[in-house]
Amino acid sequence: MKSKLEFEIQAQSGLARCGQLRCGHRQAVTPLLVQTGAVTAILTSSELAAAGTHAVKQSALDYWLRAAGQPDQLGVTDLHDYLHWSGIIVGTPGAAQAYRWAKPRGRKPTGVSFHDPATRQQKLYTPQLAQQWQQFLGCDLQVGFARWENYYAPVDDLQAAAHQTAAWLETAEWPANALAPVVGGGLKRVRRASVAAAQSVQPGGYALLGIDPTVKLAEQRRILGELAGLLPEAGIRYLPTCGALEQVLVATAQGMDIIDSDCAATTALHGGAYVGTKRLHLTKEHMADDSRVLVPGCQCPTCQAGYSRAYLHQLIQEQSPVGVRLLIVHNLFVLNQLVDQLRQAIRADRLAEFMANLAIDY
């Protein structure tokens with residue numbers, strides 16, 4: 001299934017942009033958070049939507065492996081129907097995971113060869129397969145295949161990754177909803193060359209790969225600002241990373257339009273609840289006697305149902321999945337509310353004031 005991609009920038013404040021994204025008949029406002037990881041594994045589609053989520057991420061590699069490469073064995077013709085999800089689905093080739101499974105000799109000009117962890121069978125995963133499966137699954141946005149390297153990889157490896165990714169860009173067919181990968185890790189000249197290669201295929205947008213969440217926030221800020229200056233203004237900018245709340249806000253302030261996020265779940269899994277950008281630690285002993293909801297006045301389903309901090313503390317201490325689920329719902333609601341406020345600040349050209357009030361250096 002092919003999807004037409006349209007993106008209109010409606011307001012700017014500094015590097016940050018607010019816009020309207022249309023993928024076929026589905027649409028969303030940007031900056032847009034894409035929920036991934038534990039969030040989509042734990043919450044239902046209706047719970048995600050109730051918490052303000054508009055986009056989720058799915059890996060073509062996962063479905064390809066599940067079906068042993070045979071679409072008719074999957075029982076899926078469109079992920080929207082399969083997941084009961086009416087919002088946007090961002091497809092990812094899953095190349096980074098395949099490369100992590102591969103041995104050095106598995107990095108081939110044709111793709112990546114690795115042993116399937118479930119069956120131990122040897123697999124060859126190619127850029128062509130990644131694109132075909134994202135299209136087959138009905139992904140609204142598709143990310144191009146790239147050779148994965150760690151941000152701190154040696155110079156020769158980063159250069160090889162950029163060269164190989166550029167070669168695949170030239171051989172691939174680019175549907176309107178495809179995002180060209182940009183790689184290069186911590187090397188400025190390699191990133192610049194990768195941007196130039198990505199621009200040459202005139203994609204609908206760009207996926208900025210390899211900026212790992214473990215990279216220091218100041219370094220992320222610097223690199224994203226640099227890339228924002230190199231990329232065409234009209235194209236979508238997608239940051240497929242799963243950093244902390246502060247990283248999400250800094251990335252949007254540096255001009256990213258779409259950002260992966262699993263911070264709502266990772267914070268909940270550590271017993272934390274968002275109070276604005278701060279964390280309430282439900283693991284603390286004094287929570288056992290606190291009858292208040294997580295955040296008085298909060299409109300999230302968890303707080304509106306009246307679950308007390310004391311009860312949530314008990315669930316977390318007992319390692320109950322119910323406690324994690326309730327915290328994720330709250331955190332996701334708060335996160336989406338913050339991003340909505342960020343959009344309003346961009347429209348009003350008051351981004352600096354908004355970030356200062358959150359005590360975030362952007």
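**Helix α8 and local backbone features**

A359 is exposed (over 50% relative accessible area, against under 20% for buried residues and in between for partly exposed ones, with a 1.4 Å probe and protein chains only), its relative accessible area being 70%. The model is predicted, so that local features need pLDDT of at least 70 and side-chain atom pairs count only at pLDDT 80 or more, whereas totals for chains, interfaces and linings use all residues. Residues are numbered from 1 along each chain as its sequence is written, and side-chain values use heavy atoms, with hydrogens and water left out.

A359 lies in the segment that comes after α15 (351-357); helices (H or I, at least four residues) and strands (E, at least two) are DSSP runs numbered from the N terminus. The phi of A359 is positive, near 60°, in a residue other than glycine. Most residues other than glycine have a negative phi, and most peptide bonds are trans. Q319, likewise not a glycine, has a positive phi of about 55°. Q319 is located in the loop between α13 (309-317) and α14 (321-347) and is exposed, with a relative accessible area of 71%. In the loop between β3 (26-30) and β4 (32-35) lies P31, and the peptide bond from T30 to P31 is cis, its omega being near 0°.

Helix α8 (residues 188-200) comprises 13 residues and spans 19 Å from its first C-alpha to its last, close to the expected 18 Å, a value obtained as 1.5 Å times one less than the number of residues. Its buried residues are V190, R191, S194, V195, A197 and A198. These residues lie on the same side of α8, because they cover an arc of only 165° around the axis, the arc being that of the directions from the helix axis to the C-beta atoms. The exposed residues R189 and S200 are carried on the face of α8 turned away from its buried side. Cover for the buried residues of α8 includes α7 (155-171), β11 (178-182), β12 (205-208) and α9 (217-230). Q202, with a positive phi near 50°, follows α8.

The axes of α7 and α8 are 9 Å apart and make an angle of about 5°, so α7 is roughly parallel to α8 (an angle under 35 degrees). The contact (heavy atoms within 4.5 Å) involves V155, L158, Q159, A162, A166 and L169 of α7, together with R189, V190, A197 and A198 of α8. Eight of the contact residues are nonpolar, one is polar and one is charged.

Conventions: Axes fitted to C-alpha atoms, helices over the stretch in contact; angles between N-to-C directions. Parallel < 35°, antiparallel > 145°, perpendicular 65-115°, else oblique. Nonpolar A, V, L, I, M, F, W, Y, C, P; charged D, E, K, R; others polar.
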